[in-house]
4 protein chains.
Amino acid sequence: MSGTETEHLVYGLTKARIEALTDGIFAFAMTLLVTTLEIPEPQAILDPAGVARIIMVNFPDFLHYVLAFAVLAAFWVSHHMQFHALRVVDRRLIWMNIALLLFVALVPFSTDLAGDYPDIPLSSMVFEMNIFLIGGMMFLQWLHATDGRRLISPEVTDARIAIARRRGLVIPGVSLAGILLASLGVGASTLVYLLVPPLVLLADGPKTQETGGT
Amino acid sequence: MSGTETEHLVYGLTKARIEALTDGIFAFAMTLLVTTLEIPEPQAILDPAGVARIIMVNFPDFLHYVLAFAVLAAFWVSHHMQFHALRVVDRRLIWMNIALLLFVALVPFSTDLAGDYPDIPLSSMVFEMNIFLIGGMMFLQWLHATDGRRLISPEVTDARIAIARRRGLVIPGVSLAGILLASLGVGASTLVYLLVPPLVLLADGPKTQETGGT
Amino acid sequence: MSGTETEHLVYGLTKARIEALTDGIFAFAMTLLVTTLEIPEPQAILDPAGVARIIMVNFPDFLHYVLAFAVLAAFWVSHHMQFHALRVVDRRLIWMNIALLLFVALVPFSTDLAGDYPDIPLSSMVFEMNIFLIGGMMFLQWLHATDGRRLISPEVTDARIAIARRRGLVIPGVSLAGILLASLGVGASTLVYLLVPPLVLLADGPKTQETGGT
Amino acid sequence: MSGTETEHLVYGLTKARIEALTDGIFAFAMTLLVTTLEIPEPQAILDPAGVARIIMVNFPDFLHYVLAFAVLAAFWVSHHMQFHALRVVDRRLIWMNIALLLFVALVPFSTDLAGDYPDIPLSSMVFEMNIFLIGGMMFLQWLHATDGRRLISPEVTDARIAIARRRGLVIPGVSLAGILLASLGVGASTLVYLLVPPLVLLADGPKTQETGGT
């Protein structure tokens, strides 16, 4: 009994179950992104030029598909890093995680909007806001878990907690920059996400590559 | 062999497998909710005002998305609490659980209907009926499992069983109230679900917060 | 090494992985069934009578949704019974299982067709053919596994193998009856599936209820 | 701690979690293939001839559904063979795997295109390119893992690594042949995938059937 008590504070809800729901929603949201690529009714176009046009029309959608897939994958990687560091989960963390998943499941919609109207800043802004909400909720969740080491395993060092906090600010910060650019009327503001990989390396500091510092 | 006998009564179907199917259907139904948000054909609208209109049109859909996501998440949490308390599963419980999942998988449809016609009581009523059927089936399942402690682990106290029964009546009761309001012609009756969190706290009684009384 | 050798004959593919893919495809196909219920464009109908009409139009779709969900659930239960009895899996079984999943994933299409055109025998026939192919493949898979007890665990009795063979003929047989009726021009031939529960009880023989004879 | 160190190099991301995401995305992509089969609006056609026409129109879509399902299943089998041979996963492998999943999730789109326009070489070419990218990424992933036995378990023989490399070239090679044929204007070039099973047997060499040489 003490074995299960160290795993969770809410009766019946272990880390493993929350991770199973999380894996399912991430995998499904990432696969549903493909529905942002559209093929008009088969009858409409029957010549090679028509097929070429379908591919051309879907090109901005495809770029946003790649972007959204990569961002969701990065969040999925972070999520498992976070949960691996937890000793227990409490009720608040479960509901923060559900709010996080609510924004994850919205991504196919905001990606579709951004891909269909790439030149209109408002549609990019919706996408960036969505990503901001995911990243922000993930950051708050990490703050809640690490505040006074509330839910953290003893073997996790304070240095690792600090690195993960810095890293958790990268995507929300970049998203805010994108929202700002879009609100100034700049098109294609979703390009700001190209800054994420170098900024993550910066946040990690000098010597933590490959092994994640373990 | 006795190890597996304590896990299931139906040959080959352990709690773990049923939980895997349940997690899958919950995760997909929650993610499919995003398809209730609609983007008209890309060609139709190309100016910023058009994108703003898409967002406005989807606003009641979005509210119903949040509501349905939260309700399904609450049922998912309850489901794991229920199953954690089980010692064995029998054939009847498996088929009650399948009926439950049948109603869970319907939620993207009833949410779409309620979000597309927020002002028409009949569409809210369909949504509330759907949630009532999920909650009612979950309650019946719990009655079946706990009647004479038929399927319950020895360490689960009678007090916990009673709390879970009271709590299991909250969502069906609130849904009935919504159906009644809708049948009187009241619009936006889905707002009744805002009563769920305080009523759950009430049902839990004074001292069971955070740790679930374990 | 001998521990893993008793689990699988194909390098790296254990029963657990095949069950994970199977659970995923079943859960997803069962949830996708909801897309067979259709809501016309929101703009089209805005009065209560319009919403009532949407519900009426979807009624045969709903009946087919319930039927397909129940049939898939029954196959899912059988699948776990089959796999629980296996000692090892070989290459042929893996590919038979993949063919089975191919037909499982088709069910949302054939259900949609049968629900949209309930009065036209050809559409019922496509649904019945789909179910026949799932049931038939499942039966062949069981024959392959049990022939000379090729892949079967030692604790599984010959009596259980025989019961499972009889039971495995129920759904293919009922489907053939449905196909025959449809080919004679009888409408609503999918009603034949109401015969499945009593026939399964018959196939099980006198004393195997609830515990499955374990 | 050393136990988990032998499982992963990236903090918190074990083989098991990556396999869970991979199983999820494969299962959903394979099930989403069914959406490439299309039923026109129910009102449009109400006579038996109309239903027969729906089935006829979907015939090339169905053939591509079977092809894509089988190819994805073959990749899924290979993926588990690869991962079973790994001792650890590093950051590069995780991101190669995510790129792989990005192309896997695209398959419902490219299959839909190829099935809707079977006579236009460009649409077949998009499908073949998609499959080429999956197979190519899988091959690169295997090169990365096996180069200097970087991530490989000690019990995996060099002979097995070599067989898996040869086998990993079959689908990319066949896809290139298909792309070439399509670029020469040949229709139905996706038929080249019928060559995959015999070529895989060839790549396996004389004595490795059934048991995979274990």
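**Helix α5 and the contact between chains D and A**

Helix α5(B) is mostly covered, with 20 of its 26 residues buried. The model behind this picture is a predicted one. As for length, α5 of chain B runs over residues 91-116, and at 1.5 Å a residue it should span 38 Å. The C-alpha atoms at its ends sit 39 Å apart, so the two values agree. That said, α5(B) has a kink of about 40 degrees at V107(B), shortly before the proline P108(B).

Turning to how the copies are arranged, a turn of 90 degrees with a shift of 0.0 Å along the axis lays chain D on chain A, and the RMSD comes out at 0.0 Å. The two copies are therefore related as by a four-fold rotation axis. They don't bring matching faces to the contact, though: the surfaces they use are different, and 6% of the contact residues of chain D recur in chain A.

What goes into that contact? Chain D puts in 31 residues and chain A puts in 32 residues. On the chain D side, three helices each supply at least two residues: α2 (15-32), α5 (91-116) and α6 (121-146). Of these, α5(D) gives the most to the side that touches chain A, namely eleven residues. In terms of chemistry, the residues on this side of chain D split into 23 nonpolar, three polar and five charged.

Methods:
Residues are numbered from 1 along each chain as its sequence is written. Chains are lettered from A and ligands numbered from 1 in the order in which they are written. This is a predicted model: local features need pLDDT of at least 70, side-chain atom pairs count only at pLDDT 80 or more; totals for chains, interfaces and linings use all residues. Two residues are in contact if their C-beta atoms, placed from the backbone, lie within 7 Å. Helices (H or I, at least four residues) and strands (E, at least two) are DSSP runs, numbered from the N terminus. Ala, Val, Leu, Ile, Met, Phe, Trp, Tyr, Cys and Pro count as nonpolar, Asp, Glu, Lys and Arg as charged, and the others, Gly among them, as polar. The expected span of a helix is 1.5 Å times one less than its number of residues. The bend at a residue is the angle between axes fitted to the seven residues ending there and the seven starting there. A residue is buried if 20 or more other C-beta atoms lie within 10 Å of its own, exposed if 12 or fewer, and partly exposed in between; C-beta atoms are placed from the backbone. Copies are superposed by least squares on the C-alpha atoms of residues with pLDDT of at least 70 in both.
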